[in-house]
Amino acid sequence: INDKDDLLIETDIKATVKDNLIAIINDEIKSASNNSTHIKQTFEGEYPKLLKIFLQLSMKLDDRDSSHLDSSFQHCFITALSTFETSYLSRSLSRLFDPVNLVFPSSSSAPCPLKSDLDAVFRAISSELSVSSVDERLCILVARNISKSCELFASKCE
C-alpha cells in the first residue's frame with residue numbers, strides 16, 4: 001500500500017466517523033426534544049446559547065480535520081438545529097412587536113409615543129441584537145426581524 005492509498009483510507013475513515021457523529025447528535029437532539037416538551041422549549045428559547053455551544057464544538061472538530069471534506073460540522077449542526085432556530089426567530093419577532101404594540105393601543109386617538117415608550121422599543125432591539133451576536137448568520141436573521149418591527153412602528157405612526 002502506498003501513501004496515496006493510505007490517504008484515501010484515512011479520508012474514508014474520517015468521513016465515516018464524521019457522518020456517524022453527526023447522525024448520532026441529530027438523532028439525540030430530535031429524540032430529546034420529541035420526548036420532553038421542557039427540553040424542546042429550552043432548546044427553542046435558549047437557541048443562541050445552544051448554537052454557540054455547537055459552533056464552538058464544530059470549530060474544534062473542523063480544526064482537527066485537515067482534509068476539508070465537503071460539509072463542515074458547522075453546517076451540519078446548523079441544519080440539525082434549524083427547527084429550534086425557526087421557533088426562536090418567531091419568538092424574537094414577537095418580543096420585538098410587543099413594545100411597538102404597547103406604544104400604539106388599538107384606539108385610533110392614540111397620543112404620540114413617550115420617550116419611555118421609545119426606550120422600551122430600543123431596549124428590545126438592543127437585547128435581540130446582543131443575544132444574536134453569537135453568530136453572524138443569526139444576527140442577520142434577527143436584523144430582519146428588527147426591520148419588520150421598524151416597519152410596524154412606521155405604519156402605526158401613520
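**Helix 5 against helix 7**

I looked first at how helix 5 passes helix 7, and the crossing is right-handed. The model I am reading is a predicted one. Helix 5 covers residues 82-103. I find an angle of about 25° between helix 5 and helix 7, and their axes lie 9 Å apart. The angle is under 35 degrees, so I note helix 5 and helix 7 as roughly parallel.

Next I listed who touches whom. From helix 5 the contact takes Glu 85, Tyr 88, Leu 89, Ser 92, Leu 93, Leu 96, Phe 97, Val 100, Asn 101 and Val 103. From helix 7 the partners include Arg 137, Leu 138, Leu 141, Val 142, Asn 145 and Ile 146. Lys 148, Ser 149, Leu 152, Phe 153 and Lys 156 of helix 7 also take part. I sorted the residues of this contact by class: 13 are nonpolar, four are polar and four are charged.

**Asn 145**

I picked out Asn 145 in helix 7. Is Asn 145 buried or exposed? Its relative accessible area is 6%, so I log Asn 145 as buried. The cut-off for buried is under 20%. Leaving aside neighbours within four places in sequence, I see Asn 145 in contact with Leu 89, Ser 92, Leu 93 and Leu 96. Those four names also stand on the helix 5 side of the contact with helix 7.

**Leu 138**

I then moved to Leu 138, again in helix 7. Its relative accessibility is 0%, so Leu 138 counts as buried. What does Leu 138 touch beyond its neighbours within four places in sequence? I find Tyr 47, Pro 48, Leu 51, Tyr 88, Leu 89 and Ser 132. Tyr 88 and Leu 89 belong to helix 5's part of the contact with helix 7. I also checked the spacing to Leu 51. Leu 138 and Leu 51 are 87 residues apart in sequence, yet their C-alpha atoms are 9.2 Å apart in space.

**Helix 6 against helix 7**

Helix 6 runs over residues 115-132, and helix 7 over residues 136-157. I read a packing angle of about 165° for this pair, with the axes 8 Å apart. That angle is over 145 degrees, so I enter helix 6 and helix 7 as roughly antiparallel. The crossing of helix 6 past helix 7 is right-handed.

Which residues make the contact between helix 6 and helix 7? On helix 6 I note Leu 118, Ile 125, Glu 128, Leu 129 and Ser 132. On helix 7 I note Leu 138, Cys 139, Val 142, Ile 146 and Phe 153. By class, I get eight nonpolar residues, one polar and one charged. Leu 138, Val 142, Ile 146 and Phe 153 are listed in the contact with helix 5 too.

I also looked up Ser 126 in helix 6. Its relative accessible area is 45%, so Ser 126 is partly exposed. Ser 126 and Ile 146 are 20 residues apart along the chain. I find 9.7 Å between their C-alpha atoms.

**Cysteines**

How many disulfides are there? I count zero. I checked Cys 157 in particular, and it is in no disulfide. The nearest cysteine sulfur to that of Cys 157 belongs to Cys 112, 8.3 Å away. A disulfide would need the two sulfur atoms within 2.5 Å. Cys 157 has 44% relative accessibility, so I mark Cys 157 as partly exposed. Cys 139 is at 25%, so Cys 139 is partly exposed as well.

**Helix 2 against helix 5**

My last pair was helix 2, residues 37-45, with helix 5. The axes of helix 2 and helix 5 come within 8 Å and cross at roughly 65°. I therefore write down helix 2 and helix 5 as roughly perpendicular. Helix 2 passes helix 5 in a right-handed crossing. Lys 40, Gln 41, Phe 43, Glu 44 and Gly 45 of helix 2 meet Phe 84, Ser 87, Tyr 88 and Arg 91 of helix 5. The classes here are three nonpolar, three polar and three charged.

**The whole chain**

To close, I stepped back to the full chain. I count seven helices and zero strands. Along the sequence the pattern reads α-α-α-α-α-α-α. Of the 158 residues, 30% count as buried. I also noted that, among contacts between residues at least 6 apart in sequence, 74% join residues at least 24 apart.

Definitions and conventions:
Residues numbered from 1 in each chain as written. Predicted model: local features only at pLDDT ≥ 70, side-chain atom pairs only at ≥ 80, totals over all residues. Heavy atoms only, no water. Axes fitted to C-alpha atoms, helices over the stretch in contact; angles between N-to-C directions. Helix = DSSP H or I, 4+ residues; strand = E, 2+ residues; numbered from the N terminus. Parallel < 35°, antiparallel > 145°, perpendicular 65-115°, else oblique. Left-handed = near helix turned anticlockwise from the far one by under 90°. Contact = heavy atoms within 4.5 Å. Nonpolar A, V, L, I, M, F, W, Y, C, P; charged D, E, K, R; others polar. Buried < 20%, exposed > 50% of the residue type's maximum accessible area, 1.4 Å probe, protein only.
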